[in-house]
Amino acid sequence: MEEKILNIVSSCVGTSVEELKKHMDVECIWDSLQKIEMIITIEEEFDISFTPQELAEINTISQIISKVQRKIQV
Amino acid sequence: MKHNIRINGYSYRLRPIELEDAQFIVDTRLEDEKKSQYIHKISPDLDLQINWLNSYFERDGDYYFVAENLFTNEREGLISIYNTNGDIAEWGRFVFRRGSLGALESVNLVYKIAFKKLGLKELYTRTVEDNTAVVNFHKSINAKFRTIIKDEFELDGKKYNSIEQYVDKDYYFSTLEEKLDTKCQKLFERNMKNAIGNFRFHHYGIACKNIDIECNEYKKSDYFEDEFLGGGKRFVYGF
């Protein structure tokens with residue numbers, strides 16, 4: 001799951017997965033356009049939907065991973 | 001200035017700002033300290049904001065909009081066209097509530113207003129050089145770089161260079177509009193799915209009396225007259 005998310009972020013942000021792994025907790029490595037693409041792709045891939053509150057809390061790759069994990073487990 | 005420009009997109013609309021939006025402006029601009037660090041600070045004092053809006057209403061060439069979510073009717077952000085000089089203007093005062101996905105469509109709608117309704121030929125932005133997320137956003141839509149203006153902004157006593165980037169009418173209509181429309185449509189599908197449930201779309205429809213007048217913002221792939229709607233109403237599909 002983590003690898004899938006990293007691949008999605010990588011294709012939306014245009015940064016390699018290896019590079020992203022060094023920046024898991026860096027805030028907002030994406031712009032608003034990239035964030036929209038990333039969110040839509042992740043929601044489709046995992047068949048989930050983020051609430052506006054969750055979207056507000058997604059600022060790093062680690063945060064995406066933990067939110068997806070939580071949603072999948074529910 | 002007082003204007004009456006409204007535009008609907010797929011998931012968001014832009015409408016003129018009103019005095020009643022003063023508290024929303026204050027709340028939105030002060031909501032996220034990190035995101036707000038590169039915009040001019042405003043006072044939490046509501047009366048000062050009302051005074052500012054009253055002076056804005058008197059200023060020509062300044063168009064301030066509220067972005068509202070068409071699914072929820074909630075206000076989610078702010079965006080403006082100002083410093084109009086002939087057929088060129090700046091856009092900015094661009095702030096959205098945390099968690100909103102309305103920024104992209106609002107930018108697209110501002111370009112539509114500028115080039116289709118106001119007859120402008122160019123819209124430019126000046127962004128604090130250190131505000132890489134916004135500078136990169138403009139880069140990602142292929143806004144052209146014009147110049148760096150030294151020490152243009154002073155925020156909290158510190159001076160910052162600004163980066164001027166611009167989009168002209170020709171580029172918007174030849175390339176950018178379709179690119180942004182496609183992304184907005186994708187976001188609309190996501191929002192629609194969240195609003196009414198999980199199914200795949202193959203077309204969308206609108207019932208209307210006059211397609212050219214009522215649906216001129218939409219791309220129509222085809223339409224048919226629906227006998228059940230009566231009165232010559234037509235059903236448009238395939239945006």
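Which strands of chain B does H5(B) lie across, and at about what angle does H5(B) run to S8(B)?

1. The answer to that opening question is that H5(B) lies across S2, S7 and strand S8 (158–168) of chain B, and that its direction is at about 100° to S8(B). A reader new to this structure should keep in mind from the outset that the model is a predicted one, and the points below are to be read in that light.

2. As an overview of chain B, the model contains 6 helices and 11 strands, and 47% of the 239 residues of this chain count as buried. Among the contacts in chain B with a separation of 6 or more, 60% are accounted for by residues 24 or more positions apart.

3. The sheet of chain B deserves a point of its own, since several later remarks refer back to it. It is an open sheet formed by 8 strands, in the order S1-S2-S3-S4-S5-S6-S8-S7, and the pairing within it is mixed. Its edge strands are S1 and strand S7 (144–155) of chain B, each of which pairs on one side only.

4. At the S1 end of that order, strand S1 (residues 7–8) of chain B pairs with S2(B) in the antiparallel sense over 2 bridges, and the two strands form a hairpin with 3 residues between them. Within this pair, Ile7(B) stands opposite Leu14(B) in S2(B). Strand S2 (residues 12–16) of chain B is itself mostly covered, with 5 of its 5 residues buried, and S2(B) is also one of the strands that H5(B) lies across.

5. S2(B) also pairs with strand S3 (residues 63–69) of chain B, again in the antiparallel sense, this time over 5 bridges; here the bridge partner of Arg15(B) is Val66(B) in S3(B). S3(B) in turn runs antiparallel to S4(B), and 6 bridges join these two strands, with Tyr63(B) having Ile81(B) in S4(B) as its bridge partner.

6. Which residue takes a positive phi in the hairpin of S3(B) and S4(B)? It is Asn73(B), whose phi is near 60° in a hairpin that has 5 residues between the strands; this residue is not a glycine, and it is found in the loop between S3 and S4 of chain B. Asn73(B) counts as partly exposed because its relative accessibility is 48%, a value that falls between the limits of 20% for buried and 50% for exposed.

7. The next pair along, S4(B) and S5(B), is likewise antiparallel and is joined by 6 bridges, with Tyr82(B) standing opposite Glu90(B) in S5(B). The hairpin of these two strands has 2 residues between them, and in it Gly86(B) takes a positive phi near 65°.

8. Helix H1 (residues 22–31) of chain B has several buried residues, namely Ala22(B), Phe24(B), Ile25(B), Val26(B), Thr28(B) and Arg29(B). The elements that cover the buried residues of H1(B) include helix H2 (46–57), S3, strand S4 (75–85) and strand S5 (88–96) of chain B, so that a reader tracing this helix will meet parts of the sheet described above.9. Between the two chains, the axes of helix H3 (residues 32–46) of chain A and helix H5 (residues 169–196) of chain B come within 11 Å and cross at roughly 40°, which makes H3(A) oblique to H5(B). The crossing in which H3(A) passes H5(B) is left-handed. On the chain A side, the residues that meet H5(B) are Leu33(A), Ile36(A), Glu37(A), Ile39(A), Ile40(A) and Glu43(A), while on the chain B side they are Lys183(B), Lys186(B), Leu187(B) and Arg190(B). The residues of this contact divide into 5 nonpolar, no polar and 5 charged.

10. Is Asp47(A) buried or exposed? Asp47(A) counts as exposed because its relative accessible area is 51%, and the cut-off for that class is over 50%. The residue is placed in the loop between H3 and helix H4 (52–57) of chain A, and although it is not a glycine, it has a positive phi of about 55°.

11. A last loop residue is Lys209(B), which lies between strand S9 (205–208) and helix H6 (211–214) of chain B and counts as exposed at 62% relative accessibility. Lys209(B) and Asn73(B) are 136 residues apart in sequence, and their C-alpha atoms are 25 Å apart in space.

Terms used. Residues numbered from 1 in each chain as written. Chains lettered and ligands numbered in written order. Predicted model: local features only at pLDDT ≥ 70, side-chain atom pairs only at ≥ 80, totals over all residues. Heavy atoms only, no water. Buried < 20%, exposed > 50% of the residue type's maximum accessible area, 1.4 Å probe, protein only. Helix = DSSP H or I, 4+ residues; strand = E, 2+ residues; numbered from the N terminus. Pairing = 2+ DSSP bridges. Contact = heavy atoms within 4.5 Å. Axes fitted to C-alpha atoms, helices over the stretch in contact; angles between N-to-C directions. Parallel < 35°, antiparallel > 145°, perpendicular 65-115°, else oblique. Left-handed = near helix turned anticlockwise from the far one by under 90°. Nonpolar A, V, L, I, M, F, W, Y, C, P; charged D, E, K, R; others polar.
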